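Work through the exercises below with the sequence and the model side by side, trying each task yourself before you read its solution.

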Amino acid sequence: MNFQFNLPTNIVLKTGIVRQVAGFLPLYRISKPLILTDKGINKAGLLQGIIESLTNENIDFAVYDDVQPNPKDKYCGLAANFAKVNNVDGIIAVGGGSVLDTAKALGILLTHDGVINDWEGDNTLQRDITPLICIPTTAGTGSEATNIAVITDTERKVKMGIVDDRIAPKLSLLDPELTKGLPASITASTGMDALTHAIEAYTSRSSSPVTDALALHAIRLIKDYFLEAVQNGANMEARENILSASLMAGIAFSQSNVGSVHCISEAAGGLYDAPHGVLNSIFLPYVFEFNMEANLEKHADVAYALGVDQNLPVREASKEGAKLLFEMVEKVGIPKFSDLPAVDPKDFAKLAKTSKETPMDADNVRSLTVEDYLTIIKNAYNSNH
């Protein structure tokens with residue numbers, strides 16, 4: 001058995017930890033950070049503890065709150081221009097996956113020439129990026145502990161990946177208090193996003209014993225706390241455990257890769273600019289159902305972790321697991337693929353082709369053809385579930 005595991009990020013999970021952020025800056029030689037976020041987070045007051053911590057220590061800082069959903073190449077350039085004008089030497093990213101991925105792109109642009117599109121691919125960077133501290137406000141992407149940034153190329157209308165250990169955050173501070181006010185719909189789609197990461201990491205061709213352990217425990221935590229977090233967002237035990245699950249799923253997939261759910265969701269996200277978590281939620285049950293024959297034991301393990309009867313044989317358990325995923329998606333109010341704006345069946349052949357060409361396809365547990373992708377996309381669109 002051969003595998004490699006590397007986690008370059010220091011991680012702290014503690015309620016109220018953001019109010020101590022100033023104390024971490026000297027560790028990474030940050031004297032003037034840029035707080036990178038979006039307008040919704042800023043207006044919600046989620047920066048207050050961070051700003052108070054910096055102000056109390058007389059640390060100069062700048063705030064950029066114009067990050068957009070599904071981060072796009074041109075907006076990364078605008079953030080970089082702002083950062084350069086303000087002469088910052090570190091980044092504190094506060095937000096969901098869009099903010100955290102934008103922060104990674106920003107760190108690249110502050111230390112490398114050209115535009116962000118120039119650095120697409122694996123291990124393309126020439127040097128370390130600007131020191132990055134990530135503070136997630138959603139429990140879904142796991143981007144606070146990954147070496148991956150996904151940015152939309154607006155000209156090609158595709159999502160491009162930048163994968164390099166040099167973009168991994170130096171530090172991630174996980175504060176459950178920052179997720180307390182999330183709307184139920186965001187808690188639902190981001191939680192299903194985390195579940196997708198865990199399931200695809202566990203069933204990936206490149207999984208290892210370490211990623212398997214992280215992924216399975218993440219699935220169990222999601223089974224125990226996800227619905228409570230959606231239905232009762234003030235339950236801090238549920239918030240903390242879902243945040244932990246998201247983190248573990250993120251670490252797992254960053255080491256083992258994801259699969260065909262992400263191939264489809266990133267193809268559709270690039271074309272339709274739809275939320276990544278929603279798309280993963282939509283396609284997860286269909287891909288799970290399609291994939292399970294390729295490794296019934298692992299799909300049964302997922303089903304058991306989700307609460308399916310442990311006494312069921314693996315094939316029956318896997319089928320029950322798929323059924324349970326369909327039920328979860330419906331229970332938490334994820335929209336149907338056909339209900340998303342701009343989705344057009346005329347695009348499906350193109351989506352299928354793009355899905356097959358996405359790098360994650362190689363690690364999907366089952367080898368899918370373009371026709372297989374097309375079948376899954378059509379099934380999701382015509383769903384009776």
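The exercises that follow go from the sheet to the cores and then to the charged pairs.

This is a predicted model, in which local features need pLDDT of at least 70 and side-chain atom pairs count only at pLDDT 80 or more, while totals for chains, interfaces and linings use all residues. Residues are numbered from 1 along each chain as its sequence is written, and side-chain values use heavy atoms, with hydrogens and water left out.

**Exercise 1. The sheet**

Task: Work out in which order the strands of the open sheet lie, and which strands are at its edges.

Solution: Begin with the terms: helices (H or I, at least four residues) and strands (E, at least two) are DSSP runs, numbered from the N terminus, and two strands pair if DSSP finds at least two bridges between them. Strands of a sheet pair through backbone hydrogen bonds, either parallel or antiparallel. Here 6 strands make up an open sheet with parallel pairing, and their order is β1-β9-β6-β4-β2-β3. The edges are formed by β1 (10-13) and β3 (62-64), each of which pairs on one side only. From one strand to the next, the twist averages 15°, where axes are lines fitted to C-alpha atoms, for helices over the stretch in contact, and angles run from 0 to 180 degrees between N-to-C directions.

Next, look for the helices that lie across these strands, taking contact to mean heavy atoms within 4.5 Å. Helix α2 (residues 48-56) lies across β2, β4 and β6 (132-136) and runs at about 170° to β2. Helix α7 (residues 236-256) lies across β1, β6 and β9 (171-174), at about 165° to β1.

**Exercise 2. Strand β4**

Task: Find the strands to which β4 is joined by bridges, and decide whether the residues of β4 are buried or exposed.

Solution: On one side, strand β4 (residues 90-95) is joined by 4 bridges to strand β2 (residues 33-36), and the two run parallel; in this pairing, G90 is the bridge partner of P33. Strand β4 is also joined to β6 by 5 bridges, again in parallel, and there A93 stands opposite C134. To judge burial, use relative accessible area: buried means under 20%, exposed over 50%, and partly exposed in between (1.4 Å probe, protein chains only). By that rule 6 of the 6 residues of β4 are buried. G90, I92 and V94 point one way from the strand, whereas I91, A93 and G95 point the other way.

**Exercise 3. The nonpolar cores**

Task: Identify which members of the largest nonpolar core touch the most other members.

Solution: A nonpolar core is a set of buried Ala, Val, Leu, Ile, Met, Phe, Trp, Tyr and Cys residues joined through side-chain atoms within 4.5 Å. The largest one has 73 residues, and L195, I219, F283 and F337 touch the most other members. Leaving out residues up to four places away in sequence, the contacts of F337 include Y272, L279, F283, V343 and Y381. A second, separate core has 30 residues, among them V67, A93, V99 and A149.

**Exercise 4. Salt bridges**

Task: Count the salt bridges, and locate the partners of D65, R166 and R315.

Solution: A salt bridge is a side-chain nitrogen of Lys or Arg within 4 Å of a carboxyl oxygen of Asp or Glu, and the count by this rule is 13.

- D65 meets K39 at 3.4 Å, N to O. D65 is in the loop between β3 and α3 and K39 is in helix α1 (residues 39-43), 26 residues apart. K39, D65 and D66 are linked in a network of salt bridges.
- R166 pairs with D128, with their closest N and O atoms 4.0 Å apart. Because R166 lies in the loop between β8 (158-163) and β9, and D128 in the loop between β5 (121-122) and β6, the pair ties together parts that are 38 residues apart in sequence.
- R315 pairs with E293, with their closest N and O atoms 2.9 Å apart. R315 lies in helix α11 (residues 314-331) and E293 in the loop between α9 (276-291) and α10 (296-305), so this pair ties together parts that are 22 residues apart in sequence.
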